[in-house]
Amino acid sequence: MVSIAKLAEHVGETVTVRGWLYNKRSSGKLHFLEVRDGSGIVQAVVFKGNVSPELFAAADRIQQESSIEVEGLVKEHGKIKGTYELDAKDVKLVAATAREYPISPKEHGTDFLMDHRHLWLRSKRQHAIMRVRHAIIKAVRDFFDENDFTLVDAPVFTPNACEGTSTLFQTDYHGEPAYLTQSGQLYMEAGAAAFGKVYCFGPTFRAEKSKTRRHLAEFWMVEPEVAFMDLAGDMVLAEQFLSFVVSRVLETRRKELDVLASDKRPDDPEWWTRHMTMLENVKAPFPRITYHEAIDLLQKNGHPDAKVGDDFGGDEETTISKKFDRPVIIHRYPMDLKAFYFARDPNDPKLALNMDVLAPEGYGEIIGGGQRESDLARLEAAIAEHRLPKEAFEWYLDLRRYGSFPHAGFGLGIERTVSWICGLSHVRETIPFPRMLNRLAP
RNA sequence: UCCAGCGAAGCCGAAUGGUCAGGCCGCCGGCUGUUAACCGGCCCUUCGAAGGUUCGAUUCCUUCCGCUGGAGCCA
């Protein structure tokens, strides 16, 4: 048994490959069986002169996505240099398909494919995206591991309904209302006081009825938090982190990105080249502008109505990000737009010590974070101002009562990052089984 | 929640107030080098649901359902 990815190490040997029939072509005395095993795809050539008539006929009857076992000689592809094929000696059917495989090798609509998501994951493009996702997540973990962070995962069930920002899913927790987490951040602040540098990585949930290319009801977020770090340090951490992740993907997943390049934007054939250049550019430091500078930029670039106090919508984010050739950091938003826990800028208390990182090419906000309020009295005032139930935050206030400390962190949305790096037009393909406003299955 | 667009075979999809073109898949046959193979043949649908207008509706109107993505909100 050899995995298809490692066939190059077995040239000249007779090996057995197990997998599924991806596609099949025939040319009289030759059958070309494309076999998929999860590690790759190889073409098995069944030549009439090499096998029994029964086997030759049987090979032609195997249906798409039947599981099969092929024994054959590994040799260089008859037409394509640098790839390998199997000169088949034996083909065994492990299990035939019980009915016709629904995803034929032609075009399909998204809704149909999403209904068959459990099968759609077998196709080349989805395979490439999931491998990039895997590489991104591995890079995330490696980065924090190599920089002495401790993994402190946050709970999924939370008792309090609000940071005051987004809508949460409510569940019944043994008779008490409980909510699916929207962020692990508050828990990371406790973690930072215990371990110094921590991060969590897990699913988060938003119940907003958002139906856009950027939204999922369930998505994965990685959230580092560091004790005795200020906003400036937070920005440095974010840009080093993103640079590391992107360069790792470029190092390890070139083949998969090439698969994704193939059917890109027919109206703009240069798009993928520009996209790859943009990824190569993701090196710290990133350009940094203040919120006020961003408003100026918008006013001068097609958004004359933009004014201080507005938050940025999808269009605004696209306009800003298109002005730069790499991710851009926007910092110091008005406190009114931000959650209660942000520290205020000592030079202008109306501003939060926060920052967002916008991905290039209009992919939107992929990182949001900043420095947290460490003063007990000011934090209590902020909770009151946002009309949040103080009792629910007593444990959080304890972090300021028992040795308060400046600290900062951020959250990165994995799916938006995958979507950006893969150059996709929608986040729904970046997670194996997406949960969206109108989709809970499969 | 609001706005817009869409809904035709297992899938993709043109046209149309007079009864669904073409293609893919499948099946049969042909081809020793195919790459979403190709060539020939066969097979499958009455157009999301209900109601209305009409001699006649897949086509026009109303409501509903489903899908799509944009606003709001957000990562």
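**Notes on chain A**

1. Let's start with the parts list: chain A has 13 helices and 18 strands. Keep in mind as you scroll around that this is a predicted model.

2. Next, the overall dimensions. Measure along the principal axes and the C-alpha atoms of chain A fill a box of roughly 85 × 55 × 40 Å. Of the 442 residues in the chain, 49% count as buried. If you take the contacts with a separation of 6 or more, 65% of them are made by residues 24 or more positions apart.

3. Now the outside. Chain A exposes about 21200 Å², and 51% of that is supplied by carbon and sulfur atoms. As for charge, you'll find 57 positive and 65 negative side chains, with the centres of the two sets 6 Å apart.

4. Have a look at how the chain is divided: domain 1 covers 4–95, and domain 2 covers 117–430. Going by C-alpha atoms, their centres are separated by 45 Å. The contact takes 7 residues from domain 1 and 4 residues from domain 2.

5. How much area is buried between domain 1 and domain 2? It comes to about 480 Å², and carbon and sulfur atoms give 45% of it. On the domain 1 side, try clicking on Y22, R36 and G38: these lose the most area to domain 2, together 59% of what that side buries.

6. Time for some backbone oddities. As a bit of background, most peptide bonds are trans, and most residues other than glycine have a negative phi. Here, the peptide bond from A284 to P285 is cis, its omega being near 0°. You'll find P285 in the loop between α8 (271–280) and β12 (288–290).

7. F228 is another one to check, since its phi is positive, near 60°, and this residue is not a glycine. F228 sits in the loop that runs between β11 (218–227) and α6 (231–252). Is F228 buried or exposed? It's exposed, because its relative accessible area is 66%, and the cut-off for exposed is over 50%.

8. Finally, E361 has a positive phi too, about 60°, and isn't a glycine. Look for E361 in the loop between β16 (354–359) and β17 (364–371). With a relative accessible area of 17%, E361 is buried, as that label applies under 20%. So put the two loop residues side by side on your screen: F228 is exposed, whereas E361 is buried.

Terms used:
Residues are numbered from 1 along each chain as its sequence is written. Chains are lettered from A and ligands numbered from 1 in the order in which they are written. This is a predicted model: local features need pLDDT of at least 70, side-chain atom pairs count only at pLDDT 80 or more; totals for chains, interfaces and linings use all residues. Side-chain values use heavy atoms; hydrogens and water are left out. Helices (H or I, at least four residues) and strands (E, at least two) are DSSP runs, numbered from the N terminus. Buried means under 20% relative accessible area, exposed over 50%, partly exposed in between (1.4 Å probe, protein chains only). Contact means heavy atoms within 4.5 Å. Accessible areas come from the Shrake-Rupley method with a 1.4 Å probe; for residues, only the protein chains shown count as cover. Lys and Arg count as positive and Asp and Glu as negative; His and the chain ends are not counted. The place of a charge is taken as NZ of Lys, CZ of Arg, CG of Asp or CD of Glu. Domain bounds come from an automatic or database domain assignment. Buried area is the accessible area (1.4 Å probe) that two parts lose on being put together, summed over both.
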